[in-house]
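Colleague: I should like to learn how to read a protein model step by step. May we begin with the backbone and then turn to the interior?

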Amino acid sequence: RRHTGKPGGGGAVTNGAYISGNWNNYVTSYDMLTGKLNWQLDVKGEVESRPAIVDGVAFITTEESQLLLAIDATSGKVKWSYAGAAEELNGSPAVSRDLVFAGSNDRFLHAVDRQTGELRFKFETCANVFSSAAIADSGMVYVGCNSPCGPVTGQGVGELYAINPSLHVNASTSR
């Protein structure tokens with residue numbers, strides 16, 4: 001079956017469903033076998049990132065509405081939303097055992113509690129964070145920011161950060 005929305009950054013699969021965000025401000029779930037729409041949710045902003053799905057929950061970032069959402073992958077109901085970014089969230093969420101990480105154009109990697117959406121810490125980088133964080137087995141988090149701060153201003157590849165979440169969980173902002 002053909003996807004009829006304006007696809008954003010991609011989709012993810014869980015329990016026979018394909019879930020994707022779109023540039024039309026919706027997150028949709030389709031049955032993988034029939035192509036039938038399972039549910040659709042207006043998130044009030046474009047979704048350029050790929051959802052992360054863990055334990056039946058789809059984590060989605062939005063642009064204009066500047067949200068990080070936890071959505072029940074079966075029903076499409078919002079479990080929680082985080083609205084603490086000063087600019088659009090467009091990095092694909094990355095999920096650890098306890099935290100969800102999402103990059104924003106406000107120069108921060110936002111780390112929120114996976115169960116509640118409560119901010120645990122923000123890590124400031126040198127520029128907007130469009131990339132998805134990578135989480136190592138050790139719990140270390142690696143993320144890059146865009147190019148305004150590279151070796152030659154405006155011509156670099158940005159900077160890469162290695163973050164130990166256990167050193168930041170009780171701090172609101174760090175670098």
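Colleague: Between which two strands does the loop with Lys 44 lie?

Modeller: Please note beforehand that this is a predicted model, in which local features need pLDDT of at least 70, side-chain atom pairs count only at pLDDT 80 or more, and totals for chains, interfaces and linings use all residues. Residues are numbered from 1 along each chain as its sequence is written, and side-chain values use heavy atoms, with hydrogens and water left out. Lys 44 lies in the loop between β4 (37–42) and β5 (52–54); strands (E, at least two residues) are DSSP runs, numbered from the N terminus.

Colleague: What is the phi of Lys 44?

Modeller: Most residues other than glycine have a negative phi. Lys 44, although not a glycine, has a positive phi of about 60°. Asn 25, in the loop between β2 (17–22) and β3, also is not a glycine and has a positive phi of about 75°.

Colleague: Why does Lys 44 count as exposed?

Modeller: Buried means under 20% relative accessible area, exposed over 50%, and partly exposed in between (1.4 Å probe, protein chains only). Lys 44 counts as exposed because its relative accessibility is 56%. Asn 25, at 25%, is therefore partly exposed, and Ser 29, at 1%, is therefore buried. Ser 29 belongs to strand β3 (residues 26–31). Leaving aside neighbours within four places in sequence, Ser 29 is in contact (heavy atoms within 4.5 Å) with residues including Tyr 18, Leu 37 and Trp 39.

Colleague: How many residues does the largest nonpolar core have?

Modeller: In soluble globular proteins, nonpolar side chains tend to be buried together. A nonpolar core is a set of buried Ala, Val, Leu, Ile, Met, Phe, Trp, Tyr and Cys residues joined through side-chain atoms within 4.5 Å. Here the largest has 16 residues, and Phe 101, Val 143 and Tyr 161 are among those with the most contacts inside it. Strands β10 (99–103), β11 (108–113), β12 (119–124), β14 (141–144) and β15 (160–163) each supply at least two residues of this core.

Colleague: Which side chains of β15 point to one face and are buried?

Modeller: In a regular strand the side chains alternate between the two faces of the sheet. Along β15, Tyr 161 and Ile 163 point to one face and are buried, whereas Leu 160 and Ala 162 point to the other and are not. β15 pairs with β14 in the antiparallel sense over four bridges; two strands pair if DSSP finds at least two bridges between them. Ala 162 in β15 is the bridge partner of Tyr 142.
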